[in-house]
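Biologist: Got a minute? I'd like to walk through this structure with you.
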Amino acid sequence: MNITWWGHATVAVADRGTTILTDPVLRNRLAHLHRRRGPRPALAAAPDAVVISHLHGDHCDLPSLRSLPPSTRLVVPRGAGAFLRSRLGPGRDIVEVTAGESVDVGELHVRAVPANHSGERTPKSRIRAVALGYVIEGTRSAWFGGDTGLFDEMSALGPLDLALVPVWGWGWTLGAGHLDPAGAAEAMRIINPAQAVPIHWGTLWPVGCKRVRPDRFHRPGDEFAELSAAAAPKTDVRVLAPGESLTVAA
């Protein structure tokens, strides 16, 4: 299993000849989020499938999804299918799942797992679907947390070879349903994966935030690594730069 972090919550997971892309944001600008650190995602080929954790715009980016071929399977939370079909047009291969359900993509097994995060499209929107995470299983197993706080079922996710764990967001503060570096380190203590890669940090940044709290753009990944060394010493944390890859250890 090889993974490439393209920034924020976008990760390409390649294994057994199949590629799954998580929460793709494939453009440089997203609404009011103007800054992208690192290269714009450059996919060698279209993924075989995409997993969407929830409907927030920085995880379910419609222009990015439209840029993918209709044959790319979209695995989405139950309740999100009608919204996506209406926005993406006919002919899309959309599979809705809820926690505990699974779908096979090539030789990979994708299992939907709980997440602790709000599921509406926007704060006042009636469009909503319960947020999920996913465990991708092939030669190795990887948990993609999407965007989540701690949740009761977290201890049942393992054993895992890799955790793709959210450690911050895109601003200088976090609301409920998020993990900061300390919360993400606690998650590693609970899950105890062999390896972990911090995601959902240091990629997209609103104009002006650099003057307010620049440390929240640059520091969360390293802070998570430092805190995890104490909370989960058996977990090997790898802090990647956007566009950097990692082969998951045996």
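Modeller: Sure. One term to begin with: Ala, Val, Leu, Ile, Met, Phe, Trp, Tyr, Cys and Pro count as nonpolar, Asp, Glu, Lys and Arg as charged, and the others, Gly among them, as polar. Also, keep in mind that this is a predicted model.

Biologist: Okay. How many nonpolar, polar and charged residues are in the lining of the second largest pocket?
Modeller: Nine are nonpolar and two are polar. No charged residue is in that lining.

Biologist: Which residues line the second largest pocket?
Modeller: Thr4, Trp6, Ala12, Ala14, Thr19, Ala42, Leu43, Ala44, Ala45, Ala46 and Pro47.

Biologist: And what volume does the second largest pocket have?
Modeller: About 160 Å³.

Biologist: New topic. Which residues in helix α3 are buried?
Modeller: The helix covers residues 181-191. Its buried residues are Pro181, Gly183, Ala184, Ala185, Ala187, Met188 and Ile191.

Biologist: What do the buried residues of α3 pack against?
Modeller: Three strands and a helix are involved. The strands are β11 (141-144), β12 (162-166) and β13 (195-199). The helix is α6 (220-231).

Biologist: Tell me about Met188. What does Met188 touch?
Modeller: Leaving out residues up to four places away in sequence, Met188 touches Trp143, Ala163, Val165, Pro193, Ala196, Phe224, Ser228, Ala232 and Thr235.

Biologist: Which residues touch the most other members of the largest nonpolar core?
Modeller: Met188 is one of them, with Ile3, Tyr134, Trp143 and Leu164. That core has 49 residues. There is also a second, separate core of 19 residues. Leu62, Leu74, Val76 and Ile94 are among its members.

Biologist: Back to helix α6. Is Pro220 buried or exposed?
Modeller: Buried. Pro220 lies in α6. Its relative accessible area is 0%, so it falls in the buried class, where the cut-off is under 20%.

Biologist: What does Pro220 touch?
Modeller: Val167, Trp168, Pro181, Trp201 and Asp215, not counting residues up to four places away in sequence. Pro181 also belongs to α3.

Biologist: How many residues apart along the chain are Pro220 and Ala182?
Modeller: They are 38 residues apart. Their C-alpha atoms are separated by 9.5 Å.

Biologist: And what separates Pro220 from Asp104?
Modeller: Those C-alpha atoms are 34 Å apart. Along the chain, 116 residues separate the pair.

Biologist: Where is Asp104 found?
Modeller: In strand β8, residues 102-105. Asp104 is partly exposed, at 49% relative accessible area.

Biologist: Which residues does Asp104 contact?
Modeller: Arg73 and His109, leaving aside its neighbours within four places in sequence. The side chains of Asp104 and His109 are joined by a polar contact of 2.7 Å.

Biologist: Let's switch to Ser64. Where does Ser64 lie?
Modeller: In helix α1, residues 62-66. Ser64 is buried, with a relative accessible area of 2%.

Biologist: What does the side chain of Ser64 reach?
Modeller: The backbone nitrogen of Leu26, at 2.8 Å. There is also a polar contact of 2.5 Å between the side chains of Ser64 and Asp61.

Biologist: Which residues does Ser64 touch, not counting those up to four places away in sequence?
Modeller: Pro24, Val25, Leu26 and Arg27.

Biologist: Now backbone angles. What should I expect?
Modeller: Most residues other than glycine have a negative phi, and most peptide bonds are trans.

Biologist: Where is phi positive here?
Modeller: Asp23 is one of the cases, with phi near 35°. Asp23 sits in the loop between β3 (18-22) and β4 (33-36). Asp23 is buried, at 0% relative accessible area.

Biologist: What about His200, buried or exposed?
Modeller: Buried, at 1% relative accessibility. His200 has a positive phi of about 65°. Its place is in the loop between β13 and β14 (204-206).

Biologist: And what phi does Asn192 take?
Modeller: A positive one, about 60°. Asn192 comes just after α3.

Biologist: Last one. Which peptide bond is cis?
Modeller: The bond from Gly158 to Pro159 is cis, with omega near 0°. Pro159 is in the loop between β11 and β12.

Key: Residues numbered from 1 in each chain as written. Predicted model: local features only at pLDDT ≥ 70, side-chain atom pairs only at ≥ 80, totals over all residues. Heavy atoms only, no water. Buried < 20%, exposed > 50% of the residue type's maximum accessible area, 1.4 Å probe, protein only. Helix = DSSP H or I, 4+ residues; strand = E, 2+ residues; numbered from the N terminus. Contact = heavy atoms within 4.5 Å. 1 Å grid on protein atoms, 1.4 Å probe; cavity = no way out; pocket = protein on both sides within 12 Å on 5 of 7 lines; lining within 4 Å. Points joined across faces, edges and corners; volume = space filled by probe spheres on them. Core = buried A, V, L, I, M, F, W, Y, C linked by side-chain atoms within 4.5 Å. Polar contact = N/O pair within 3.5 Å; in protein donor to acceptor, adjacent residues only side chain to side chain.
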